[in-house]
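Thanks for coming, everyone. Please take a moment with the sequence and the model, and then I'll walk you through it.

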Amino acid sequence: MTDQLGRVFAALADPVRRDLVERLTDGDATVGELAAPYDISLQAVSKHLKVLEASGLVTRGRDAQRRPVRLEAEVLDLATKWLERYRQRAEGRYQLLDAVLDELAPDGSDLPSSPDRSARPGEAS
C-alpha cells in the first residue's frame with residue numbers, strides 16, 4: 001500500500017470526514033459552509049479538513065476573501081482502483097469455485113447433503 005493510499009483510507013475512516021467528502025462532491029465550499037450542519041466547532045471541522053488535505057483528497061484555493069475547499073476526485077480514483085482490483089480477484093475465485101462445483105455435480109445430486117445443524121452434538125439426526 002502506498003503512503004498516499006494509506007493516508008486516504010485513514011482519512012476516510014472517520015464518518016465526519018466521509019461526510020465532508022460526500023458534501024464536496026456537490027461542489028466547492030468554505031470551511032464555514034462545511035461546518036454549518038455539524039454540532040462541532042469550526043476548529044474541529046478545520047482539523048478534519050487538514051487530515052483530508054494531508055491525504056490529498058481536498059485542496060484549499062483562494063478566491064479573494066474566500067478559501068474554498070475542493071475535492072480532488074482523482075485521489076478517490078486511487079482508492080477505488082485499489083479496491084476494485086481485490087474485488088475482481090475475489091470475484092474470480094468465486095467463479096472458479098462455481099465452475100468446480102458445476103463440474104462435480106451439474107444437477108447438484110452428487111453433492112453431499114448438508115449436515116443437520118439443528119441437531120445437538122452427540123444426537124442422531
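Start at Gly56. Gly56 sits just after helix 4 and takes a positive phi of about 90°. Keep in mind that this is a predicted model.

Now step back into helix 4 itself. Helix 4 covers residues 42-55, 14 residues in total. At 1.5 Å a residue, helix 4 should span 20 Å. The end C-alpha atoms are 20 Å apart, so the expectation and the model agree.

Which residues of helix 4 are buried? They are Val45, His48, Leu49, Leu52 and Ser55. Look down the axis of helix 4: the buried residues fall within an arc of 110°, so they line one face of the helix. The face turned away from that buried side carries exposed residues: Gln43, Lys47, Lys50 and Ala54.

What do the buried residues of helix 4 pack against? The partners are helix 1 (3-12), helix 2 (15-24), helix 3 (31-35), strand 1 (58-60), strand 2 and helix 5.

Let's pick one residue of helix 4, His48. His48 has a relative accessible area of 14%. The cut-off for buried is under 20%, so His48 counts as buried. Through space, His48 meets a distant part of the chain: Asp14 is 34 residues away in sequence, yet the two C-alpha atoms are separated by 8.8 Å. Leaving out residues up to four places away in sequence, His48 touches Asp14, Val16, Arg17, Leu20 and Ile40. With Arg17 there is also a polar contact, side chain to side chain, at 3.2 Å.

Next, Glu72. Find Glu72 in the loop between strand 2 (69-71) and helix 5 (73-104). Glu72 is buried, yet has no salt bridge. How far away is the nearest side chain of opposite charge? That side chain is Arg70, and the distance is 5.2 Å. A salt bridge needs the nitrogen within 4 Å of the carboxyl oxygen. Glu72 does have a polar partner: its side chain and that of Thr59 are joined by a contact of 2.6 Å. Apart from residues up to four places away in sequence, Glu72 touches Gly56, Leu57, Val58 and Thr59. So we are back at Gly56, where we began.

On to salt bridges. Side chains of opposite charge can pair when their charged atoms come close. How many salt bridges are there here? The count comes to five.

Take Arg70 again. Arg70 meets Asp28 in a salt bridge, at 2.9 Å from N to O. Arg70 lies in strand 2 and Asp28 in the loop between helix 2 and helix 3, so the pair ties together parts 42 residues apart in sequence. Arg70 is partly exposed, at 45% relative accessibility. Asp28 is partly exposed too, at 34%.

Another pair is Arg66 and Glu33, with the closest N and O atoms 3.4 Å apart. Arg66 is in the loop between strand 1 and strand 2, Glu33 is in helix 3, and so this bridge ties together parts 33 residues apart in sequence. Arg66 is partly exposed at 32%, and Glu33 is partly exposed at 40%.

Last stop, helix 5. Glu91 and Arg87 form a salt bridge at 3.9 Å, N to O. Both lie in helix 5, four residues apart, about one turn of the helix. Glu84 joins in as well: Glu84, Arg87 and Glu91 are linked in a network of salt bridges.

Definitions and conventions:
Residues numbered from 1 in each chain as written. Predicted model: local features only at pLDDT ≥ 70, side-chain atom pairs only at ≥ 80, totals over all residues. Heavy atoms only, no water. Helix = DSSP H or I, 4+ residues; strand = E, 2+ residues; numbered from the N terminus. Buried < 20%, exposed > 50% of the residue type's maximum accessible area, 1.4 Å probe, protein only. Lys, Arg positive; Asp, Glu negative; His and termini not counted. Polar contact = N/O pair within 3.5 Å; in protein donor to acceptor, adjacent residues only side chain to side chain. Contact = heavy atoms within 4.5 Å. Expected span 1.5 Å × (residues − 1). Arc of directions from axis to C-beta.
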